[in-house]
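Visitor: I am new to reading protein structures, and I would like to go through one slowly with you. Could we look at it together and take one question at a time?

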Amino acid sequence: MTARSSVQQELDTLAVFGDSAVGWDPYTPVNETVDAEGNPFPGQPGFGVPDPRAPRERVYDHPDVARLRSRLKRHNGIPGLEILDPNEVERAARIFRRDGFVVVRDLLDEEHLAQFRRGSARALRQILEVPGRDQRKYVTESGRLPHRYSYGTASASRQMLHEEEWAAMVDLPTTTPILTEIFGSTDYMVLGAGGDLCLPGAVEYQHLHADVRESNQISAGRLQTARDIGIEIETEEVSDGPDLATRRRIIDFCPAVVTINFAMCDLTWENGPIRQILGSHTWQMPPPPPADEPEWMRMSTLVGAPAGAGVIRDNRAWHGATPNLSREIRSLPNVEYGAPWLGPKHAKTMPHHIWETLTHHGKHLCRHIKAEPGVWPPGAGVMHPLGSERRAAAKRMGGSGERRPGSPGG
Ligand SMILES: [Fe+2]
């Protein structure tokens, strides 16, 4: 069997939970990143910041990998991580505000979990189907570390809301009450959907980062959200505006963007659980570069979150992906929500016919990202690891109102 046909065989049976033959490609060098055309080591790492402490080889039983595995087995995971039930709505919001994230089990029931697993596997198959250079099994995503992909950025529309599996998760009976509590209103909005995944053999740590930067601005809308969530507004005598303590509370507790990442498999010490740094959503400093990260920040992961759970996270909080030394794909598809006080201008990445399938509240949430009837969002439906291919696809489809590629109907 040729190398390519064995990869194809792996992809035919690909699932985003349970052991798999996917990943662990020894021919993809550790820390190798590629540019938009797929050329290795472009000198501008973008998101693919190298991990100076990574094992030297991408080989399951290499001594470096075995050493890292035994350290992870002993130390990986936040001790005493609280995992909530979906009905603990107020407690979830309280922990979210304290820590910058909260883990809640059973956000997905069996049916939704099965549906999201199917969609995640299908999208990943499309990404991995592109043949790798030389002997490599896959093409690495432009600007990322090997064996790590983002559903959002690998989609030529940068979002996944044209897929029914992602759209079906925007308004769930488990998530909507918690989001409403966090935002203090039902007028928050969906901004997009995507998520990230790592294949077995993603031996490098992804650098710690925040997804959005705090503006430190308090608009009238943000002030209203602060009132809605019960922040008492104390005013300064001189200016009559909120005093410093109140302003700090507003900025700390009223994030612009909140994301829910859903676990497709149990997060274990070995399969690349996401790491979150407690309380970092309120910090004004940037995260340390990989060489300066203390060991505890590497082990500050969400081990123990079961399949169907979600991490509801403030996008300002420092986080990063961790090594997947197992045989299981670790996939965390997500939905991203914006605060009620954000403006209405967002990319229209949800086709109208998908929007029509949503609940009444789901339709309200997607009001700013819904395309006009008959307009297919440029790039939607094309998944590719390389930026150049995605750009070409989006351009080809841009503004033409054409239907999904390869599909008979819109
Ligand atoms: Fe991120």
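Visitor: Which handedness does the β-α-β unit made by β1, α3 and β2 have?
Guide: Please keep in mind that this is a predicted model. Strands β1 and β2 run parallel and are joined by two bridges, and helix α3, residues 89–99, lies across β1, β2 and β7, running at about 145 degrees to β2. Taken together, β1, α3 and β2 make a β-α-β unit that is right-handed.

Visitor: Which residue of β2 does leucine 84 stand opposite?
Guide: The strand to look at is β1, residues 83–84, which is an edge strand of the sheet and pairs on one side only. Its pairing with β2 consists of two bridges, and in β2 the residue that stands opposite leucine 84 is valine 104.

Visitor: Is aspartate 85 buried or exposed?
Guide: Aspartate 85 has its place in the loop between β1 and α3, and, leaving aside its neighbours within four places in sequence, it is in contact with Arg105 and Asp106. A residue counts as exposed if 12 or fewer other C-beta atoms lie within 10 Å of its own. Because aspartate 85 has 12 other C-beta atoms within 10 Å, it is exposed.

Visitor: What distance separates the C-alpha atoms of aspartate 85 and valine 104?
Guide: Along the chain, these two residues are 19 residues apart. In space, however, the separation between their C-alpha atoms is 5.7 Å.

Visitor: In what order do the seven strands of the open sheet lie?
Guide: The pairing in this sheet is mixed; for example, β1 and β2 run parallel, whereas β2 and β7 pair in the antiparallel sense over four bridges. The edge strands, each of which pairs on one side only, are β1 and β3 (148–150). Read across the sheet, the order is β1-β2-β7-β5-β9-β4-β3.

Visitor: How many residues of β7 are buried?
Guide: On one side of β7 there are Gly310, Ile312 and Asp314, and on the other Val311 and Arg313, so that both faces are covered, with every one of these residues buried. The strand is therefore largely enclosed by the rest of the structure, and the number of its five residues that are buried is five.

Visitor: Which residue of β7 is the bridge partner of isoleucine 260?
Guide: Strands β5 and β7 run antiparallel and are joined by five bridges. On the β2 side, valine 102 stands opposite isoleucine 312 in β7, and the bridge partner of isoleucine 260 in β7 is likewise isoleucine 312.

Visitor: Which residues touch the most other members of the largest nonpolar core?
Guide: This core contains 93 residues. Leaving aside neighbours within four places in sequence, valine 190 is in contact with Val170, Val335, Tyr337, Leu365, Cys366 and Ile369. The core residues that touch the most other members are Val104, Val190, Phe262 and Ile312.

Visitor: What is the radius of gyration of the protein?
Guide: The protein has 13 helices and nine strands. For 410 residues the globule rule gives 22 Å, and the value for this protein is close to that, so it is as compact as a globular protein of that length. Its radius of gyration is 21 Å.

Methods: Residues numbered from 1 in each chain as written. Predicted model: local features only at pLDDT ≥ 70, side-chain atom pairs only at ≥ 80, totals over all residues. Core = buried A, V, L, I, M, F, W, Y, C linked by C-beta atoms within 7 Å. Buried ≥ 20, exposed ≤ 12 C-beta atoms within 10 Å, placed from the backbone. Contact = placed C-beta atoms within 7 Å. Pairing = 2+ DSSP bridges. Axes fitted to C-alpha atoms, helices over the stretch in contact; angles between N-to-C directions. Right-handed = clockwise from strand over helix to strand, strands pointing away. Rg over C-alpha atoms; globule rule 2.2 N^0.38 Å.
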